[in-house]
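Work through the exercises below with the sequence and the model at hand. Each task is followed by its solution.

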Amino acid sequence: MKVLAVIPARGGSKGIPLKNIVPLAGKPLLSWTIEAALASESIGLTVVSTDHPEIADCATKMGVTVINRPKEISQDHTPTAPVIFHAWEEACLKGFVADIVVT
């Protein structure tokens, strides 16, 4: 089975701006999740779904695929499901058809 890990990381946090790239214990918050996904032997592809170029840059530097999330699914009250489905569709277009998707 092919497993896709989707890490949603929106740039528009109201409480802590760009919280996903704010350092936590010496490295960006996002890096903790990326490292865990990359360390998993079960995950075939890890992607970060984001709407922000700084988050995309951080994820790219860590060696994961970035899915550019459209504005219509990057709002404060956007549910997670459309974000995950969009990332799965984009991974399929890139040739990775997952049997299972994890976040």
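**Exercise 1.** Which residue in strand 5 does T50 stand opposite?

Solution. This is a predicted model, in which local features need pLDDT of at least 70, side-chain atom pairs count only at pLDDT 80 or more, and totals for chains, interfaces and linings use all residues. Residues are numbered from 1 along each chain as its sequence is written, and side-chain values use heavy atoms, with hydrogens and water left out. Start with strand 4 (residues 45-50) and strand 5 (residues 65-68), which run parallel and are joined by four bridges. Strands are DSSP runs of E, at least two residues long, and helices are runs of H or I, at least four, numbered from the N terminus; two strands pair if DSSP finds at least two bridges between them. The partner of T50 is N68.

**Exercise 2.** Find the charges that sit over rings.

Solution. The test is NZ of Lys or CZ of Arg within 6 Å of the ring centre and within 35 degrees of the ring normal. K2 lies over the face of F96, at 4.7 Å from the ring centre. For K27, the ring is that of W32, with a distance of 3.8 Å to its centre.
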